[in-house]
Amino acid sequence: MKLRVRVNKQTSRVELTGEEPSLKDLIDHIKETVLSSLGLSADTDFSLSLNGSELLSDTGQTLSSCGIVSGDLVCVILPESAAAAAAAASSSSTESQSRQTAAMSSNQQPSSSSRAAQRESEETSEVLDSEPSVPSWEPMLCSEAEEGQAPLSLELLHHDARPSSPSDALMLAGNLLMLETGFTPQGCELKSGEMPVGWRSAGGVYKLQYTHPLCENSLAMVVAVCMGPMLVINATLKVNETVDTVRKLCLNPCSYVTDEWPGESAAAAFKDLSKLSRIFKDQLAYPLIAAAREAMALPVAFGLAALPPELLLRVLRLLDVRSVVRLSAVSRHFHVSTADSSLWRHLYRRDFSDSDSSRSRDTDWKELYRRIYKTRCDLRHLARHRSLPPFHRNPRDIFGPVPVPLHPPLPGIIGGEYDQRPNLPRGLLPRPRYDPIGPLRDHDGRPLADFRRPMGSRPADIRRGFI
């Protein structure tokens with residue numbers, strides 16, 4: 001197993017013999033070869049780490065059990081005193097090498113072959129010393145890309161295919177999204193960053209063919225045509241010599257491709273990759289797999305229906321009762337899952353306050369929920385349409401409470417008693433604001449002299465209603 005060992009920003013290559021070398025073998029090899037080259041004794045204490053923070057402590061494990069494979073970079077963490085000594089030794093050796101090089105260059109002119117060898121050794125040392133601690137490209141999906149970012153696979157496709165229009169760039173992203181979903185190009189094995197042969201033809205027509213390991217003996221064909229500013233993508237499925245059009249997706253390339261699409265950078269050429277990934281996979285890629293497995297009488301491979309019963313019940317507990325009832329009408333599988341007694345017991349105790357905590361195990365929680373829910377809806381309906389009983393009162397009792405008007409209230413009449421006597425306290429008059437105009441009357445039907453409406457001329461301090 002070949003590994004790289006870094007000590008104080010200096011990288012060395014080591015090779016361990018044996019089929020399954022252990023962590024102890026690596027430590028012994030570092031003590032014998034690497035530490036001595038840095039001017040440190042073999043008794044120097046140190047620790048090993050893959051990322052510089054988490055230490056590898058169990059020396060009895062094999063390197064493969066620790067997650068170390070051939071070509072990995074292993075960091076050697078020294079104590080502060082040993083690290084300072086190693087840094088001083090490396091700086092002194094570097095200075096001595098530079099002095100020797102200067103003396104040799106002043107004494108004699110090196111030949112072209114020696115200069116080439118020296119340049120090659122310097123480049124090799126620079127590569128070893130400048131090993132990046134974090135890789136420049138990390139695995140990324142299109143759904144994880146933020147603005148100004150793009151997966152490395154999309155960068156390679158964009159660089160290799162060299163799109164000639166925004167529709168070409170959009171089809172490159174569509175091909176990558178099909179590959180992310182698990183589809184493989186049909187009929188040929190492509191290298192990373194290559195598009196299938198003949199994927200683009202004259203007239204703005206694109207054709208891609210795929211197979212999927214979950215849908216054996218099926219062929220998915222994606223055909224796209226430019227129709228004005230839109231790119232119309234049709235997905236057809238061929239199962240057992242039967243061709244059926246499954247999905248149709250219309251996309252506007254300007255919504256996902258910037259004006260910098262002719263450049264070399266896919267990160268600058270694309271925008272809203274996460275939205276494009278969600279729309280393309282939900283409306284095209286996943287329905288293709290589902291339709292193929294349904295045509296082949298295979299069980300569902302993904303989605304809500306593929307969850308085990310215990311996980312499905314945990315999801316159903318988060319829904320409201322309307323969504324649960326609607327989901328029960330989708331399929332037999334969901335109808336059986338939504339009829340679970342523990343689910344309705346949870347929904348009943350969540351939505352209603354039940355004072356009876358001693359219910360038996362044989363309680364039909366779904367029927368109990370339905371009955372309480374119907375009772376609550378009936379009470380709300382009655383409360384909404386309930387009217388007040390007729391109110392009888394003595395018209396002489398002007399200090400009694402005024403009844404609450406019915407809803408919706410009748411419109412007020414301008415110039416009524418409240419307009420004629422605006423200074424009276426609110427609620428003092430026996431009739432509300434919306435009563436008809438007219439004087440108050442006693443039990444015999446005769447108008448009262450106190451509150452008779454003035455006729456003819458009006459006093460100067462009375463405010464008249466403005467119409």
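Okay, let's start in the middle of things: β8 and β9 run antiparallel to each other and pair over seven bridges. Before I go further, please keep in mind that this is a predicted model.

So, β8 and β9. The two strands make a hairpin, with two residues between them. If you want one pair to look at on screen, take leucine 208, whose bridge partner in β9 is valine 222. And as a reminder for anyone who hasn't looked at sheets for a while, strands of a sheet pair through backbone hydrogen bonds, either parallel or antiparallel.

Now stay on β8, residues 205-212, and look at its side chains. Which residues make up the covered face of β8? They are Tyr206, Leu208, Tyr210 and His212. The uncovered face has Val205, Lys207, Gln209 and Thr211. That fits the textbook picture, in which the side chains of a regular strand alternate between the two faces of the sheet.

β8 has other pairings too. Strand β7, residues 200-201, pairs with β8 in the antiparallel sense over two bridges, and there serine 201 stands opposite valine 205. β7 and β8 form a hairpin with three residues between the strands, and in that hairpin glycine 203 has a positive phi near 85°. Then there is strand β6, residues 184-185, which is antiparallel to β8 over two bridges. For that pairing, find threonine 184 and its bridge partner in β8, threonine 211.

Moving along to the next hairpin. β9, residues 215-227, pairs with β10 over 10 bridges, again in the antiparallel sense. Methionine 221 has threonine 236 in β10 as its bridge partner. This hairpin has two residues between its strands, and glycine 228 there takes a positive phi near 70°. As for β10 itself, residues 230-239, is the strand mostly covered or uncovered? Mostly covered: seven of its 10 residues are buried.

Let's talk about empty space. Rolling a probe the size of a water molecule over the atoms shows where empty space is left. Here the count comes to four cavities of 30 Å³ or more. I'd like to show you the second largest cavity, which holds about 50 Å³ of space. Which strand gives the most to its lining? That's β9, with four residues. β8, β9 and α7 each supply at least two residues of the lining. Among the lining residues you'll find Tyr210, His212, Cys215, Leu237, Leu288 and Ala292. Tyr210 and His212, remember, are on the covered face of β8.

That brings in helix α7. It runs over residues 273-295, so to speak, with 23 residues in total. From first C-alpha to last, α7 reaches 31 Å, close to the 33 Å expected at 1.5 Å a residue. Where does α7 bend? At lysine 281, by about 45°. Just after the helix, alanine 297 takes a positive phi of about 60°.

Two residues in other helices are worth a stop. One is asparagine 175, in helix α5, residues 166-181. Why does asparagine 175 count as buried? Because its relative accessibility is 1%, and the cut-off for buried is under 20%. Leaving out residues up to four places away in sequence, asparagine 175 touches Leu157, Met195, Pro196, Leu208 and Tyr210. Leu208 and Tyr210 belong to the covered face of β8.

The other is leucine 312, in helix α8, residues 309-316. Leucine 312 counts as buried as well, because it has 1% relative accessibility. Apart from neighbours within four places in sequence, its contacts are Leu304, Leu307, His333, Phe334 and Ser337. Phenylalanine 334 is 22 residues away along the chain, and its C-alpha is 9.3 Å from that of leucine 312.

Last stop, the five-stranded open sheet. The order is β2-β1-β5-β3-β4, and the pairing is mixed. Its edge strands, each pairing on one side only, are β2 (10-15) and β4 (55-56). β1, residues 2-7, runs antiparallel to β2, and six bridges join the two. In that pair, valine 5 stands opposite serine 12.

That's the tour, thanks for listening.

Conventions. Residues numbered from 1 in each chain as written. Predicted model: local features only at pLDDT ≥ 70, side-chain atom pairs only at ≥ 80, totals over all residues. Heavy atoms only, no water. Expected span 1.5 Å × (residues − 1). Bend = angle between axes of the 7 residues up to and from the residue. Buried < 20%, exposed > 50% of the residue type's maximum accessible area, 1.4 Å probe, protein only. Contact = heavy atoms within 4.5 Å. Pairing = 2+ DSSP bridges. 1 Å grid on protein atoms, 1.4 Å probe; cavity = no way out; pocket = protein on both sides within 12 Å on 5 of 7 lines; lining within 4 Å. Points joined across faces, edges and corners; volume = space filled by probe spheres on them.
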